[in-house]
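Got your viewer open? Let's take a short walk through this structure, one selection at a time.

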Amino acid sequence: MCRMQLHPQDPHENARWHDVKVSIQEGELLVYARSRRSRELRGIWQILGATNEAKRNRRIYELRNSNGETSSLRVPTKSRCVPVLDSLVP
């Protein structure tokens, strides 16, 4: 379980964070959205990069799907999944 937001096309639009489930298959992330509101997040995503948000102890991963849309995936820095996700960062 983690939080994910789709980057909006309009820079004035506020993006919302949604709860998602993520699994890894063949170096790609398979995202399962928990609610209907986060339907657009479902699918296969690739990790582009990662950064730390030190003040809040979070690791943020930048993702891209096959349609060219980008998003952010947020997990706690102490999570067991961080080393696994870091191994997928190019």
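## Start with a leucine

Select leucine 88 first: with a relative accessibility of 23%, leucine 88 counts as partly exposed, because buried would need under 20%. Keep in mind that you're looking at a predicted model. You'll find leucine 88 in the segment that comes after helix H1 (82–86). What does leucine 88 touch, not counting residues up to four places away in sequence? Show Ile24, Gly27, Leu29 and Ile47, and you have the answer. Now add cysteine 2: leucine 88 and cysteine 2 are 86 residues apart in sequence, and 17 Å apart in space, C-alpha to C-alpha.

Next, jump to glutamine 5, which sits in strand E1 (residues 2–6). Is glutamine 5 buried or exposed? Its relative accessibility is 15%, so glutamine 5 counts as buried. Show the side chain of tryptophan 17 too, and look for the polar contact of 3.5 Å between it and the side chain of glutamine 5. Beyond its neighbours within four places in sequence, glutamine 5 also has contacts that include Leu41, Ser71 and Ser72.

Now for some strands. Colour E4 (residues 43–53) and E5 (residues 58–65): they run antiparallel, joined by eight bridges. Across this pair, glutamine 46 stands opposite arginine 64. The two strands make a hairpin with four residues between them, and asparagine 57 in the turn has a positive phi of about 55°.

Last stop: add E6 (residues 70–76), which runs antiparallel to E5, with seven bridges joining them. Here isoleucine 60 stands opposite arginine 74. In the hairpin of E5 and E6, pick out glycine 68, with its positive phi near 90°.

How values were computed
Residues numbered from 1 in each chain as written. Predicted model: local features only at pLDDT ≥ 70, side-chain atom pairs only at ≥ 80, totals over all residues. Heavy atoms only, no water. Buried < 20%, exposed > 50% of the residue type's maximum accessible area, 1.4 Å probe, protein only. Polar contact = N/O pair within 3.5 Å; in protein donor to acceptor, adjacent residues only side chain to side chain. Contact = heavy atoms within 4.5 Å. Pairing = 2+ DSSP bridges.
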